Amino acid sequence: MSSQREHLLINELDSLLSGKSMKKLSGIPKKCYKYALTAAFVNICNGKQLTRGQEGNFEWIYNIKNNPKNYNSDQVLNHVKRIVEKSLKEGYFYNYNDYQTIDNIIKFFREVINITKKQGTCLINLKELEELFDIKKSFLASHKNLQPHHWVEISLFNGMIITVPEFFTYSDLVNTWNMLVDKIEEYRSVMNADNDVPFIEKKNNIEIRQLRYEMDTLSRSLWISSVTFVESYLYYVFYNLKQINYQPNSQSGKSILTLQKVEDEEIIKRLIIPEFVSQKNKELDKLIKEYLVINKIRNRFIHTSAFKNTVEISELLPLLTTTVKETVDALETCRKLVECVDSYLPKENKILIWWDRISHPNFKEFKKGSITNPNSLLSTVKYEDYVY
C-alpha cells in the first residue's frame with residue numbers, strides 16, 4: 001500500500017474522530033455518527049478497509065456528518081444500532097449492546113490513529129485489546145496460547161496481526177533463499193547457453209561474474225539470517241517465560257530468568273535443556289554443537305576483520321571460502337535446531353504456532369518456500385465483502 005494512501009486515510013480518520021467533528025452533532029445524530037465510526041473500526045480490525053462494505057461505512061459517516069437531520073429519529077438510530085451491535089457480537093466485543101462500549105471503542109480508535117501517526121503503524125499489547133473484546137476467541141483458529149504480553153499490530157489496511165518475532169526473521173530467510181535459487185538458476189542457464197565459448201571466457205564474463213558476486217552476497221546474508229532466526233526464536237522463548245512468571249525447577253533456570261540480557265547459547269543450556277529436556281538427546285546435542293560453529297562464522301561476516309584468530313588464521317577466510325553447499329547445511333541445521341527445541345516445549349509454551357501454515361523451502365533440493373498463508377484473512381478477503 002502506498003504511503004500516500006495511508007497518510008490520506010490517517011488524516012481523514014483523525015478529522016472524522018476529532019472533537020471538532022463531534023461538536024457539530026448532538027443527540028440521536030451524534031449517536032448514529034459514533035455507531036457508524038464503530039462499524040468502520042470493526043472493518044479496519046478485520047482487514048476490510050478496502051472492501052465495498054467499508055466504502056458503505058464511510059458514505060454512512062459522511063451522510064450523518066453532513067445531513068444530521070436525516071438521522072434524527074429513534075427508528076433510524078435503532079436500525080444503525082442493530083447493524084453495528086450485530087458486528088460487535090460477531091467480533092466477540094464485550095457488552096456489545098451497551099452504548100458505553102461505543103464510547104470506549106471511539107476512544108480506542110483515536111488512540112490507534114494517534115499511535116499510527118507517530119509511529120507509522122499501531123503496535124499494542126494484547127492486554128489492552130482484551131479490555132474491549134475477547135481477542136483470544138477471535139484468534140483461536142490461527143493463534144493458540146495468546147498471552148497478555150504479546151504484541152498486536154493494528155494496520156489500517158491489513159487489520160489486526162499477531163506479531164511473532166521469529167516469523168519476521170524466518171520470512172527474511174525464506175525470501176532471501178528464494179532470490180538465491182533464482183540467481184543459481186540464472187547462472188546455470190547462462191553458463192550452459194553457448195558451448196562454443198571457451199570456459200575461461202564464460203567464467204570471466206561480466207554478466208557471469210555479477211551473478212557470482214550476487215550469489216556470494218545472498219549466501220552470506222542467508223548465513224547471517226539463519227543464526228538470526230535461531231536467536232529470535234530463543235529470545236522469544238525466554239521473553240514468554242519471563243512474562244508469564246514461569247516457575248523453573250532447576251537452579252540454572254531460576255538464575256537466568258532474573259536476567260534481562262542473555263546469550264542465545266545460555267538460553268538453550270541454562271533454561272531449555274534443564275527445564276524441558278528430561279533425557280539426553282544426541283540429535284539436539286549435535287545440532288547445538290553445529291550451531292555454535294555456524295554462529296562463529298556468522299560473527300566473521302558481521303564483524304569483518306583482517307586480524308588473525310587464536311590459531312594464526314586470518315579472520316577473512318570464511319568470506320573467501322564459504323560455499324553455497326555449506327550455506328545450505330547451515331540453513332538445515334538452524335531450522336532443525338529450532339524445530340527440535342520447540343518439540344520439547346509444553347503445549348502452552350510452544351512458539352512455532354504458525355509453522356504448519358506456510359510452505360517451507362527444501363534447501364537440499366534448492367526448492368523455494370513461501371511465507372504467505374493461503375487460508376489467512378488477508379488471503380481470503382475480497383472487495384465485495386459487505387460487512388458493516
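## Cysteines

Start with cysteine 334, which is buried because its relative accessibility is 0%. This cysteine takes part in no disulfide. The nearest cysteine sulfur belongs to cysteine 340, and that sulfur is 13 Å away. Since two sulfur atoms must lie within 2.5 Å to count as a disulfide, 13 Å rules this pair out.

Cysteine 32 is another buried one, again with 0% relative accessibility. Looking across the whole structure, you will find 0 disulfides. For a newcomer, it helps to recall that a disulfide is a covalent bond between the sulfur atoms of two cysteines.

## How far to trust the model

Keep in mind that this is a predicted model. The average pLDDT of the protein is 89, and 93% of the residues reach a score of at least 70.

Which elements sit at the two ends of the confidence range? Helix 15, residues 317-321, has the lowest mean pLDDT of the elements, at 63. Helix 16, residues 324-344, has the highest, at 96. Where pLDDT is low, the predicted coordinates should not be read in detail.

## The sheet and its helix

Now for the strands. There is an open sheet of 3 strands, in the order 1-2-3, and the pairing is antiparallel. Strand 1 (122-125) and strand 3 (159-162) are the edge strands, and because each has a single partner strand, one side of each has no neighbour in the sheet. On average, neighbouring strands here are turned by 30° against each other, ignoring direction. Strands of a sheet pair through backbone hydrogen bonds, either parallel or antiparallel.

Strand 2 covers residues 151-155 and pairs with strand 3 over 4 bridges, in the antiparallel sense. If you want a spot to look at, take serine 155: its bridge partner in strand 3 is glycine 159. Helix 6 (residues 99-119) packs on this sheet and touches both strand 1 and strand 2. The direction of helix 6 makes about 125° with that of strand 1.

## Two loop residues with positive phi

Two loop residues are worth a look for their backbone angles. Asparagine 95 has a positive phi of about 50°, although it is not a glycine. You can find asparagine 95 in the loop between helix 5 (74-90) and helix 6. Is asparagine 95 buried or exposed? Its relative accessibility is 52%, so asparagine 95 counts as exposed, the cut-off for that class being over 50%.

Phenylalanine 366 is the other case: its phi is near 55°, a positive value in a residue other than glycine. Phenylalanine 366 belongs to the loop between helix 16 and helix 17 (377-380). With a relative accessible area of 26%, phenylalanine 366 is partly exposed.

## Salt bridges

How many salt bridges does a search of the whole structure find? The count is 18. Side chains of opposite charge can pair when their charged atoms come close.

One of them joins aspartate 14 to lysine 117, with the closest N and O atoms 3.0 Å apart. This pair links distant parts of the chain, since aspartate 14 is in helix 1 (residues 3-16) and lysine 117 is in helix 6, 103 residues apart. Aspartate 14 is partly exposed at 28% relative accessibility, and lysine 117 is partly exposed as well, with a relative accessible area of 44%. Helix 6 is also the helix that packs on the sheet.

## Salt bridges inside a helix

Other pairs stay within a helix. Glutamate 85 and lysine 81 form a salt bridge whose closest N and O atoms are 2.9 Å apart. Both lie in helix 5, 4 residues apart, which is about one turn of the helix. Glutamate 85 has a relative accessible area of 11%, so it is buried, whereas lysine 81 is partly exposed at 26% relative accessibility.

In helix 13 (residues 264-276), glutamate 266 and arginine 270 lie 4 residues apart, about one turn of the helix. Their side chains meet in a salt bridge, 2.8 Å from N to O. Glutamate 266 is partly exposed, with a relative accessible area of 25%, and arginine 270 is partly exposed with 25% too. Elsewhere, Lys183, Glu186 and Glu214 are joined into one network by salt bridges that share partners.

Technical notes: Residues numbered from 1 in each chain as written. Predicted model: local features only at pLDDT ≥ 70, side-chain atom pairs only at ≥ 80, totals over all residues. Heavy atoms only, no water. Pairing = 2+ DSSP bridges. Axes fitted to C-alpha atoms, helices over the stretch in contact; angles between N-to-C directions. Contact = heavy atoms within 4.5 Å. pLDDT = per-residue confidence, 0-100. Buried < 20%, exposed > 50% of the residue type's maximum accessible area, 1.4 Å probe, protein only. Salt bridge = Lys/Arg side-chain N within 4 Å of Asp/Glu carboxyl O.
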